[in-house]
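User: I am new to this structure and should be grateful for a close look at a single part of it. Please then set that part in its wider context.

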Amino acid sequence: LQIVVTILNVNDNSPVFKQTNLTKVVPEDTKVNATIIAREDLSASDADLDTVFYELTTIVPGTDGYFAIKGVNNPEMYLQKALDYEKFKLTTLVLYARDRPVGSTDTTNTANVTITIFIEQADTKPPWFLPCTFINTDNSICISSPYTGRVNISEMSTEPLILEPGPIHAIDPDYTLNEKIVYSIVGGDADKVFSVDADTGNLTMNKAATSPDSYLLQVMATQVNNIQKYSIVSVEIKVINKSDHPPYFESRIYNGTVFSGLAPRSFVFQAGDTSRPLMIRAADDDFPNV
């Protein structure tokens with residue numbers, strides 16, 4: 001009697017990953033759809049030779065939607081949405097491997113691997129001139145105001161010019177990189193009256209301004225490691241007549257008269273003459289005809 005015995009494969013083995021913890025550093029400027037972890041590094045084996053089904057979940061709140069797998073049977077992980085170092089710097093994912101589809105009523109064996117992703121800041125932003133004002137909620141764009149200053153006509157200052165709202169200064173907003181920045185004048189100074197210190201941003205004079213016209217300089221801040229990362233700001237320098245005399249009041253004491261019960265913004269009158277408003281006058285010998 002010939003007896004044929006068929007051995008039935010019982011689902012008694014769980015899927016197995018090569019490792020249960022993975023760490024990956026991902027640059028902030030990684031292109032969308034780029035592979036983050038290859039399929040062979042995330043595939044699980046099953047001694048029962050069952051088809052393995054995968055599911056990727058995000059653990060850290062607010063970081064979901066950035067990473068995904070190619071399919072339920074393909075665990076290759078890719079970038080699904082552009083990263084932003086300012087929004088989050090790391091996230092944790094869990095990849096599950098099952099030997100039955102999700103929702104199956106059959107006995108299912110499961111394994112998982114924890115994946116930690118560190119976001120590495122990339123050189124994505126040009127320099128910012130300070131002070132500047134953020135114009136969006138995630139603080140990724142900061143707009144600076146023009147600088148202003150003034151010089152005396154026909155007089156050359158030997159010190160760095162005083163500017164408002166402060167000295168020329170720019171930073172690399174990719175602050176963990178903090179690339180070196182250099183300064184240059186790229187417009188508005190055809191006569192070469194001014195110079196800017198490449199390292200400090202201090203604005204100085206090469207010679208005296210001989211015209212009363214204002215200068216509207218264009219100052220550029222450039223990253224040394226990448227000249228395509230730059231910003232330009234306007235610096236208005238007003239040329240004025242030198243003031244040799246301080247202003248002074250025409251009288252040392254002024255006397256006035258007010259009446260009780262007057263409404264706000266009512267006139268104060270000359271003492272002894274309630275028909276003439278009190279006038280406080282100042283003069284300046286630099287402007288004798290004013």
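Is strand S18 (residues 215–223) largely enclosed by the rest of the structure or exposed, and why?

Analyst: The model discussed here is predicted: local features need pLDDT of at least 70, side-chain atom pairs count only at pLDDT 80 or more, and totals for chains, interfaces and linings use all residues. Residues are numbered from 1 along each chain as its sequence is written, and side-chain values use heavy atoms, with hydrogens and water left out.

Strand S18 is largely enclosed by the rest of the structure, because 7 of its 9 residues are buried. Buried means under 20% relative accessible area, exposed means over 50%, and partly exposed lies in between (1.4 Å probe, protein chains only). Strands (E, at least two residues) are DSSP runs, numbered from the N terminus.

S18 has paired neighbours, where two strands pair if DSSP finds at least two bridges between them. One neighbour is strand S15 (residues 181–187), which runs antiparallel to S18 and is joined to it by 6 bridges. Within this pairing, Tyr-183 has Ala-221 of S18 as its bridge partner. Another neighbour is strand S19 (residues 226–240), also antiparallel to S18, with 9 bridges between them. Here Gln-218 stands opposite Ser-234 of S19. S18 and S19 are connected by a hairpin through 2 residues. In a regular strand the side chains alternate between the two faces of the sheet.

The wider context begins with the domains, whose bounds come from an automatic or database domain assignment. That assignment gives domain 1 (15–120), domain 2 (128–240) and domain 3 (246–289). The centres of domain 2 and domain 3, taken over C-alpha atoms, are 43 Å apart.

Elsewhere, an open sheet of 4 strands follows the order S2-S9-S8-S5, with mixed pairing. Its edge strands, each pairing on one side only, are S2 (21–27) and S5 (53–58). On average, neighbouring strands of this sheet are turned by 25 degrees against each other, direction ignored; axes are lines fitted to C-alpha atoms, and angles run from 0 to 180 degrees between N-to-C directions. Within the sheet, strands S8 (residues 90–98) and S9 (residues 110–120) pair in the antiparallel sense over 9 bridges, and Thr-91 has Ile-117 of S9 as its bridge partner.

Salt bridges add a further set of contacts. A salt bridge is a side-chain nitrogen of Lys or Arg within 4 Å of a carboxyl oxygen of Asp or Glu, and a search of the whole structure finds 6 of them. One of these joins Asp-50 to Arg-100, with the closest N and O atoms 3.5 Å apart. This pair links distant parts of the chain, 50 residues apart: Asp-50 is in the loop between S4 (44–45) and S5, and Arg-100 is in the loop between S8 and S9. Asp-50 is partly exposed, at a relative accessible area of 22%. A network of salt bridges links Asp-50, Arg-100 and Asp-106.

Glu-55 and Arg-98 form a salt bridge whose closest N and O atoms are 2.8 Å apart. Glu-55 lies in strand S5 and Arg-98 in strand S8, 43 residues apart. Glu-55 counts as partly exposed at 30% relative accessibility, whereas Arg-98, at 18%, counts as buried.

Lys-125 and Asp-174 also form a salt bridge, the closest N and O atoms being 4.0 Å apart, and both residues are buried.
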